Amino acid sequence: MQALAEARRAADLGEVPIGAVVVRGGEIVGRGHNRREVDGDPLAHAELLALREAAGRIQGWRLSGCTMYATLEPCPMCAGALVASRIDRLVYGAADPKAGFCGSLGNLVQDPRLNHRLEVSAGTLAEESAALLRGFFASLRAPRSPGEPSR
């Protein structure tokens, strides 16, 4: 539910509504929502921002004992960051058949050639996560009134 709240924060900013939280010992240690447009930063994905905040709170880059909850299946960049940060588990909502790299297009987080693999649970709150994304993209395609500012 907290990852969905983060996704809604992204939508409120006009960003693609994706959210992520990192949990350790039942406590949220990192939160993030997409900020690529707002920050003008191609790396400002929800997952990376949540990992950065978690590392700051834990005071180290190894996030062993942590679980990431994300509303959308992570892309290759974020999947690589999950492996590099040594997160134990990933729980995500909607699958991403166009860019997901935790089971859809590939499965970087469980590749046996890497030195770390994650447990993955897919489909948690998938419909709610997908509905946020569908609503966001539908609003972008909706016709605008003359004089209405662009989105």
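Colleague: What share of the 151 residues in the protein is buried?

Modeller: Start with the cut-off: buried means under 20% relative accessible area. In this predicted model, buried residues make up 40% of the 151.

Colleague: And how much accessible surface does the protein have, and what part of it belongs to carbon and sulfur atoms?

Modeller: The accessible surface is about 7,900 Å². Carbon and sulfur atoms account for 53% of that.

Colleague: Okay, overall dimensions. Why does a radius of gyration of 16 Å agree with a compact globule?

Modeller: You compare it with what the chain length would give. A compact globule of 151 residues would come out near 15 Å, so the 16 Å of the protein agrees. For the box, the C-alpha atoms fill roughly 55 × 30 × 25 Å along the principal axes.

Colleague: In what order do the elements run from the N terminus?

Modeller: Read them off as α-β-β-α-α-β-α-β-β-α. That's five helices and five strands. For contacts, look at sequence separation: among those between residues at least 6 apart, 52% join residues at least 24 apart.

Colleague: Let's zoom in on a strand. Why is β1 described as largely enclosed by the rest of the structure?

Modeller: Count its buried residues. β1 covers residues 19–24, and five of the six are buried, so the strand is largely enclosed.

Colleague: Which strands is β1 joined to by bridges?

Modeller: β2 (residues 27–33) pairs with β1 through six bridges, antiparallel. β3 is joined to β1 by five bridges, also antiparallel. Valine 21 makes a handy marker: its bridge partner in β2 is arginine 31, and in β3 it is tyrosine 69.

Colleague: What sits between β1 and β2?

Modeller: Two residues, and the two strands form a hairpin. Check the backbone in the turn: glycine 25 has a positive phi of about 60°.

Colleague: Now a helix. Which residues of α4 are buried?

Modeller: First the general idea: an α-helix has 3.6 residues a turn, so residues three or four places apart point the same way. In α4 (residues 76–85), the buried ones are Cys78, Ala79, Ala81, Leu82, Val83 and Ser85.

Colleague: What covers those buried residues of α4?

Modeller: The cover includes α3 (46–58), β3 (66–72) and β4 (89–94). So β3 turns up twice: as part of that cover, and as a bridge partner of β1.

Colleague: Which residue follows α4, and what is its phi?

Modeller: Arginine 86, with a positive phi near 65°.

Colleague: Last one, charges. How many side chains of each sign are there?

Modeller: There are 18 positive and 17 negative. Compare the centres of the two sets too: they lie 2 Å apart.

Terms used. Residues are numbered from 1 along each chain as its sequence is written. This is a predicted model: local features need pLDDT of at least 70, side-chain atom pairs count only at pLDDT 80 or more; totals for chains, interfaces and linings use all residues. Side-chain values use heavy atoms; hydrogens and water are left out. Helices (H or I, at least four residues) and strands (E, at least two) are DSSP runs, numbered from the N terminus. The radius of gyration is taken over C-alpha atoms; the globule rule is 2.2 Å times the number of residues to the power 0.38. Buried means under 20% relative accessible area, exposed over 50%, partly exposed in between (1.4 Å probe, protein chains only). Contact means heavy atoms within 4.5 Å. Accessible areas come from the Shrake-Rupley method with a 1.4 Å probe; for residues, only the protein chains shown count as cover. Lys and Arg count as positive and Asp and Glu as negative; His and the chain ends are not counted. The place of a charge is taken as NZ of Lys, CZ of Arg, CG of Asp or CD of Glu. Two strands pair if DSSP finds at least two bridges between them.
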